[in-house]
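Here is a short report for reading alongside the sequence and the 3D view. Keep both open as you go.

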Amino acid sequence: CPGGTSQVVRAPAWFRVQHIHKPYKHYPSLEAMGLNRVAGAFDWTAGSEKTLLGKLSEQERETLRNCFAGLEPSQLHDYHVHIVGSGQNGSGCYLTPKMTDPFRSPFGYVKLRAFMSASGITLENADATFERRLMALGANVGHVLCELTGSRTGSMCQGPSSCNKMVMLAFERVYTEQGEPDMDRTTLHIPNDHAFAFAGRHPKHCIPTCSVHPYRHDCEAELERAAARGVRIIKWLPNSMLIDPLSPLCDRFYAKVRELDMIILSHTGEEHSVSSAALNNEFGNPLRLRRALDAGCRIIAAHLATEGTACDLDVLTKGCLCAPRADNFDLLMRMLREERYKNLLFADFSAVVCLKRCKYLGTILDATDIHSRLVYGSDYPVPCLNFSIVLRQLQLYGFLDRKHFSLLRKVYRHNPLLFDLALKRLVRSKAGNKFPDCAFHEHPDLQVVGWRSPAAKMLERRHGVSHAAGARQEAAPLQGESELDPASDVGQDSAPTPARDARPELHTSSPPAPPASLATE
């Protein structure tokens, strides 16, 4: 468990032998390599239980209740949840052979097996097992929050099915500058149609996204197709997708994003997880997003750029011939404080409590001037990784009280998704600042539930997609879906979702018009 433990946990049976693909039938398991404990070897059945509170002492129960005080369960939004799949159920998902074949890339293979362990999946049936596991965890978060806050005076909670909305992220493959797909340099591909179908099977908990490479010949048509299904968020990981946000090739993409009033959720900072086939960490420089912002696009900077360094490109505009390197986090904070981007640039604080990122946590918590533009993200399945979050490190930085260790470890063993939420509710800066309650709710300027722009409504009529169908039009059941936990089918409750809260300190506004001419490199 995070922070270390001496408890011995028996690994599930599927760790011992894996059948992946010929000619290699039997590859070494994590248990055989001794890595299962650092990769999240805990009781996979715990998250399916309806309650956690019976396992806690009265004091721990009260601590957890106070932890979630001020949080409205029906408005909880997780803006950063990854989908994992191998494509063996006809989903179209793809993993590079450099991650599935230990003889081609031992490190990539170990990395994949670690994420499989964290997600509680097997490679033979990754699509269905991942879905079953995630929806059980998501439904359990709703159950626990309702037990803790549902009886509170003024609560709008109408049962677990109205709680915990998760934004499910598609993942685009690499494209060349000529607009052709490049599978040799693609590490991971989660097709848009799979993300639409995934969310369609669980409409009460899941919100679909799309992922569109701006170099694609048909990028504008694909954006229109997604918008017609009610999809607003576009997932980018420029480092791994080999997207240069400063390239003029992106201009037509930016124009269409602004026309449709969509939002780009872009990774910022360095990347090391999706890196087996190709990687260019210079593309994670947050300053490269200026071209999109100057075009009038709304952007969510994922992870607050809390890893790595990059060239300070702003220096080049002042006549200097050489750009010094600076922390990506400092570059993003500079942009967040620029008045011209006040209604365009936002950030999620997913993964900021992780081992390599948490040194910036105190600065983030004390930067109250940008708190109104932060949104919550879990970056699931990253919080499940045993080694990614170290509670003792957070204590040494002064962000977490040691008295919470026991409670957080129990929550982690029960439900790592709930653990991530509880941890981010408990951390404090040395000045006593915390993440604001409103950051865990749907942002009024980043609405994704029931979103419809005038352009999207027009596309609906053109494509013949009804508002009721939306992203659920292609929700065909996966092969093996009959194995899904019935308790995780959160779409059965037809109770209406309460209206989203409004942040009093914010004013919803439309993006400003783009300048007459875009700045070039």
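## One helix, two sides

On one side of helix 2, Glu 58 and Gln 59 are exposed (over 50% relative accessible area, taken with a 1.4 Å probe and protein chains only; 20% to 50% is partly exposed). Glu 60, Arg 61, Leu 64 and Cys 67 in this helix, residues 58-67, are buried (under 20%). These four cover an arc of only 120° around the axis, so they lie on the same side of helix 2. The arc is taken from the directions that run from the helix axis to the C-beta atoms. An α-helix has 3.6 residues a turn, so residues three or four places apart point the same way.

Helices here are DSSP runs of H or I with at least four residues, and strands are E runs of at least two, numbered from the N terminus.

## What helix 2 packs against

The buried residues of helix 2 pack against helix 5 (126-149), helix 14 (405-414) and helix 15 (416-426). Helix 5 is mostly covered, with 21 of its 24 residues buried. Its end C-alpha atoms are 34 Å apart, which agrees with the 34 Å expected for 24 residues at 1.5 Å a residue. The expected span is 1.5 Å times one less than the number of residues.

## How far to trust the model

This is a predicted model: local features need pLDDT of at least 70, side-chain atom pairs need 80 or more, and totals for chains, interfaces and linings use all residues. Residues are numbered from 1 along each chain as its sequence is written, and side-chain values use heavy atoms, without hydrogens and water.

The protein chain averages a pLDDT (the predictor's confidence in each residue, from 0 to 100) of 81, and 76% of the residues score at least 70. Over residues 467-474 the pLDDT stays under 50. Where pLDDT is low, the predicted coordinates should not be read in detail.

## A buried histidine

His 303 sits in the loop between strand 10 (298-302) and strand 11 (309-311). His 303 is buried, with a relative accessible area of 4%. Leaving out residues up to four places away in sequence, His 303 touches several residues (heavy atoms within 4.5 Å), including His 80, Asp 348 and Asp 379. Its side chain also makes a polar contact with the side chain of His 267 (3.5 Å).

## An open sheet

Five strands form an open sheet in the order 8-9-10-13-14, with parallel pairing. Strand 8 (233-236) and strand 14 (374-375) are the edge strands. In strand 14, Val 375 is the bridge partner of Asp 348.

Conventions:
A polar contact is a pair of N or O atoms within 3.5 Å; within protein, one must be able to donate a hydrogen and the other to accept it, and residues adjacent in sequence count only if both atoms are side-chain atoms. Two strands pair if DSSP finds at least two bridges between them.
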